[in-house]
Amino acid sequence: MTVAFSGDPAASWSILLEADLRETPDPAAVSARMCRAAEEFPNLGPAAVVQRPSDWDGARAEFADGHYREGGPLVRVALAGHSLMIAAHHGAVDGLGLLALLGVALGRPVHSSATGVASRSPDRPYLLSALDRVREAVWTPPTRIQPSLRGNETGDHLVSRALPAVKLGSARLTSAALDATRRWNTARGVQHGRVVAAIGASWRGGADPRPEAGSALLRLRLPAGATEEDVRALLAAAAPEAGFPSAHNPLAQWGMRVLASRLGSTFLASNLGVVEADVTGLRFFPAASGRSGVAFGVVTTGEVTTATVRVRRRDFDAAAAAGLLDLLCEAVLGDHDVQR
């Protein structure tokens, strides 16, 4: 039986972090540290087995697409040369929790500039928020990023781009994702007047991340013609969404099944901030769900900002995934170079 989670039941809810290391760590030492973390933090499930895959791309797909099973590890770890990959069920840790697990694996502290939203609180209870979401789904569903195909393939495409280090906060990232959505849909003759952005955040800051779940979600309805300054103002005033009910709640499960094609946001944007870690590069892939099944991720370390996109294979082919990410990068950088 898969691990239940309050969200899109078709999604694996496996969030993933890849790190380029300065030196190859001892796999036995990494395994021992992960075992100790599992003992200290029961939310991680049984200790992860450190895999040594010969097919890195295949391991990435397995880590990202594979559903987690009840009673099994909720963290996945792979090592190959100077590359380290950590995936985890989003119900076990959030994005900053992945950074904490990176620190555990390396045996060295990791810090992020992410501030979290601990100073904010939901402005209404879950029931009122849920009723509003149902009303929205029935009468004014959020714009969908137009699919490039109608397929049956499972899993996600994961694509990354390395950019020169750039100041890229959540407002600018969201604005760039909005611009990419507009340009993508316009090129295909599809409207984009009801864009709703989901902003992944955490209740904690990244100064001392812990391998725990502290996810928060900000949801912005972006009016037609919204600029980056408009996005910044909306983001500053946004209250986090109230927590979901139990994933085993039958009414919630029924509602998500019935309205699956109309619920959710246009896209998710999640920024891990500027990360201090003993690595040369990081790539972060948040979970893709909602109407479009599109999630943009960003993380900066050293002189590199890495942007990623994760999209559902049943709705987008590999070329479309890369094209969406290129539009985002163009919105962020203009004519600057992007490394593919």
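Me: A residue counts as buried when its relative accessible area is under 20%. In this predicted model, why is Ser202 called buried?

Reply: The relative accessible area of Ser202 is 6%. Buried requires a value under 20%, so Ser202, at 6%, is buried. The residue belongs to strand E7, which covers residues 195-202.

Me: Which residues does Ser202 touch, not counting residues up to four places away in sequence?

Reply: With those neighbours set aside, Ser202 touches Asp94, Leu96, Gly116, Val117, Gly214 and Ala216. Each of these counts as touching because it has heavy atoms within 4.5 Å of those of Ser202.

Me: What makes the approach of the Ser202 side chain to Arg204 a polar contact?

Reply: The Ser202 side chain comes to 3.1 Å from the backbone nitrogen of Arg204. A polar contact needs a suitable pair of N or O atoms within 3.5 Å, so a distance of 3.1 Å meets the distance condition. Arg204 itself is in the loop between E7 and strand E8 (215-222). A polar atom of the Arg204 side chain also lies 3.4 Å from the backbone oxygen of Glu212. Among the residues that Arg204 touches, leaving out those up to four places away in sequence, are Asp94, Leu96, Gly116 and Gly214.

Me: Why is Thr227 called partly exposed?

Reply: Thr227 has a relative accessibility of 39%. Buried means under 20% and exposed over 50%, so 39% falls in between and Thr227 counts as partly exposed. Thr227 is in the loop between E8 and helix H6 (228-237). Its C-alpha atom is 9.2 Å from that of Leu178, although the two residues are 49 apart in sequence.

Me: How do you know whether Trp13 is buried or exposed?

Reply: The relative accessibility of Trp13 is 12%. This value is under the limit of 20%, so Trp13 counts as buried. Trp13 is placed in the segment before E1. Its phi is positive, about 55 degrees, although Trp13 is not a glycine.

Me: Why is Asp278 called partly exposed?

Reply: The relative accessibility of Asp278 is 28%. Because 28% is neither under 20% nor over 50%, Asp278 counts as partly exposed. Its place is in the loop between E9 and strand E10 (279-285).

Me: What makes the pairing of the side chains of Asp278 and Arg22 a polar contact?

Reply: The two side chains make a polar contact at 2.8 Å. The limit is 3.5 Å, so 2.8 Å is within it. Arg22 is also one of the residues in contact with Asp278 when neighbours within four places in sequence are left aside, together with Leu106 and Arg108. The C-alpha atoms of Asp278 and Thr301 are separated by 9.4 Å, with their positions 23 residues apart along the chain.

Me: Why is the aromatic pair of Phe267 and Phe296 called edge-to-face?

Reply: The structure holds 2 aromatic pairs. In the pair of Phe267 and Phe296, the centres are 6.1 Å apart and the planes make an angle of 70 degrees. Rings pair when their centres lie within 6.5 Å, and planes over 60 degrees apart count as edge-to-face, so this pair is edge-to-face.

Me: What parts does the pair of Phe267 and Phe296 tie together?

Reply: Phe267 lies in strand E9 (residues 267-276) and Phe296 in strand E11 (residues 294-301), so the pair ties together parts 29 residues apart in sequence. Both Phe267 and Phe296 are buried.

Me: What makes the charged end of Arg188 count as sitting over the ring of Trp184?

Reply: The charged end of Arg188 is 3.4 Å from the centre of the Trp184 ring. The distance limit is 6 Å, so 3.4 Å satisfies that part of the test. The charged end of Arg76 likewise sits over the ring of Tyr68, 3.6 Å from its centre.

Me: Which residues of helix H2 are buried, and why are they said to line one face of the helix?

Reply: In H2 (residues 56-65), the buried residues are Trp56, Ala59, Arg60, Phe63 and Ala64. Viewed down the axis of H2, they fall within an arc of 125 degrees, so they line one face of the helix. The strands against which they pack include E1 (14-21), E4 (83-89) and E12 (304-312).

Terms used
Residues are numbered from 1 along each chain as its sequence is written. This is a predicted model: local features need pLDDT of at least 70, side-chain atom pairs count only at pLDDT 80 or more; totals for chains, interfaces and linings use all residues. Side-chain values use heavy atoms; hydrogens and water are left out. Helices (H or I, at least four residues) and strands (E, at least two) are DSSP runs, numbered from the N terminus. Buried means under 20% relative accessible area, exposed over 50%, partly exposed in between (1.4 Å probe, protein chains only). A polar contact is a pair of N or O atoms within 3.5 Å; within protein, one must be able to donate a hydrogen and the other to accept it, and residues adjacent in sequence count only if both atoms are side-chain atoms. Rings of Phe, Tyr and Trp (its six-membered ring) pair if their centres lie within 6.5 Å; planes under 30 degrees apart count as stacked, over 60 as edge-to-face and the rest as tilted. A charge sits over a ring if NZ of Lys or CZ of Arg is within 6 Å of the ring centre and within 35 degrees of the ring normal. The arc is that of the directions from the helix axis to the C-beta atoms.
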